[in-house]
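Hi everyone, thanks for coming. I'd like to walk you through a structure today, so have a look at it first and then we'll go through it together.

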Amino acid sequence: MVPTSYYLILSAVLFGLGVLAFVFKRNIITIFMAIELMLNAVNLAFVAFSQALHKSDGEVFVLFVIVVAAAEAAVGLGIIILTARNRRSLNVERVDLLKL
Amino acid sequence: MSAVLVIFFILAGLAVFGAVALIVQSHPIHSALSLILVMLCLAGLYLLMGAEFVAAVQIIVYGGAVMVLFVFVIMLLNAGEEERTNFSKLASFAGVPLALALAGLIAAAIARSTVHMPAATTGELTSTRELSKLLFSQFVYPFELTSFLILVAILGAIVLAQRERH
């Protein structure tokens, strides 16, 4: 059997890599993918805790997270299409209208 | 070392490899394929833990629907190689210490939370029937709210992505 802490460590590593991708990447689509990666890492922790504590609540939360992520992807990609159409670029550094 | 542990390390290694590849690749379509690899590995890990329904939903919704949407948008916008810019001065000297601080924070939380945890996962299948009972009794109100959320998201996506009429 695999100890629960292994799953939690993997979840933390994936979350950290997601944060790194979020900070390092310049393409707005890739940044959005980094957010999905972080959501996936959190889901892994949810399922690990749910199995360790013998309660199914965690898996129900995972289903909710997946639904919210799907809704977020639909709206977010709509915004990305709009931004790309207006700014003619996918680089986040070029979207700086609010910058001083 | 038991077979389950071997499978865990193979899947975990592939998942971490995919996440690193997502950062290293400069083309968005390669990053998207790396992310699909991560999601498939996570589905395998869910199966390993005995969460069969979550594993199926992970493959169908994440690996299928969401990633197809991503690939579709990448092709629609004809996204090319990422250009390197060095505009941010704050990130250049505060980035690495903050990343280390985050890693330390998460490591401390894991070390503290797993002290009183049961030592191992059972690996027995959570029945989908049990899950659905919970979803339609205790969590029925949030469940209905998510359907409303999906409806709003569909409307929002349509309104955002349509061309402006004059």
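At what angle do helix H2 and H3 of chain A pack, and how far apart are their axes? Before I answer, please keep in mind that this is a predicted model. Okay: H2(A), which covers residues 28–52, packs with H3(A) at an angle of about 175 degrees, and the axes are 9 Å apart. Angles over 145 degrees count as roughly antiparallel, so H2(A) is roughly antiparallel to H3(A).

So who touches whom here? On the H2(A) side you'll find, among others, Ile28(A), Phe32(A), Leu39(A), Phe46(A) and Val47(A). On the H3(A) side, the residues they meet include Phe61(A), Val65(A), Ala69(A), Ala73(A) and Leu77(A). If you sort the residues of this contact by type, you get 15 nonpolar, five polar and three charged. Glu36(A) in H2(A) and Glu59(A) and Glu72(A) in H3(A) are part of the contact too.

Let's zoom out to chain A as a whole. Its secondary structure is three helices and zero strands, and going from the N terminus the order reads α-α-α. The radius of gyration of chain A is 17 Å, and the globule rule gives 13 Å for 100 residues, so chain A is more spread out than a compact globule. You can also picture a box: the C-alpha atoms of chain A fill roughly 50 × 25 × 20 Å along the principal axes. How many of the 100 residues in chain A count as buried? That comes to 56%. And if we take the contacts in chain A with a separation of 6 or more, 54% of them are between residues 24 or more positions apart.

Now over to chain B. This one has six helices and, again, zero strands, so to speak α-α-α-α-α-α when you read from the N terminus. Of its 166 residues, 32% are buried. For contacts with a separation of 6 or more in chain B, 60% come from residues 24 or more positions apart. Chain B is also divided into two domains, with domain 1 at 1–80 and domain 2 at 127–166. The C-alpha centres of those two domains lie 23 Å apart.

Let me pick out one residue in chain B, Leu11(B). You'll find Leu11(B) in helix H1, residues 3–24. Is Leu11(B) buried or exposed? Its relative accessibility is 15%, and the cut-off for buried is under 20%, so Leu11(B) counts as buried. Setting aside neighbours within four places in sequence, Leu11(B) is in contact with Cys41(B), Gly44(B) and Leu45(B).

Last stop: where the two chains meet. Remember H3(A), residues 57–87? Its axis and that of helix H6 of chain B, residues 140–161, come within 9 Å and cross at roughly 10 degrees. Angles under 35 degrees count as roughly parallel, so that's what H3(A) and H6(B) are to each other. From H3(A), the residues involved include Phe64(A), Val68(A), Ala71(A), Val75(A) and Leu82(A). Across from them in H6(B) are, among others, Phe143(B), Leu149(B), Ile150(B), Ala153(B) and Leu160(B). Which types of residue make up this contact? They divide into 16 nonpolar, two polar and one charged.

To wrap up, H3(A) is roughly antiparallel to H2(A) and roughly parallel to H6(B). That's my tour, thanks for listening!

Notes. Residues are numbered from 1 along each chain as its sequence is written. Chains are lettered from A and ligands numbered from 1 in the order in which they are written. This is a predicted model: local features need pLDDT of at least 70, side-chain atom pairs count only at pLDDT 80 or more; totals for chains, interfaces and linings use all residues. Side-chain values use heavy atoms; hydrogens and water are left out. Axes are lines fitted to C-alpha atoms, for helices over the stretch in contact, and angles run from 0 to 180 degrees between N-to-C directions. Helices (H or I, at least four residues) and strands (E, at least two) are DSSP runs, numbered from the N terminus. Angles under 35 degrees count as roughly parallel, over 145 as roughly antiparallel, 65 to 115 as roughly perpendicular and the rest as oblique. Contact means heavy atoms within 4.5 Å. Ala, Val, Leu, Ile, Met, Phe, Trp, Tyr, Cys and Pro count as nonpolar, Asp, Glu, Lys and Arg as charged, and the others, Gly among them, as polar. Buried means under 20% relative accessible area, exposed over 50%, partly exposed in between (1.4 Å probe, protein chains only). Domain bounds come from an automatic or database domain assignment. The radius of gyration is taken over C-alpha atoms; the globule rule is 2.2 Å times the number of residues to the power 0.38.
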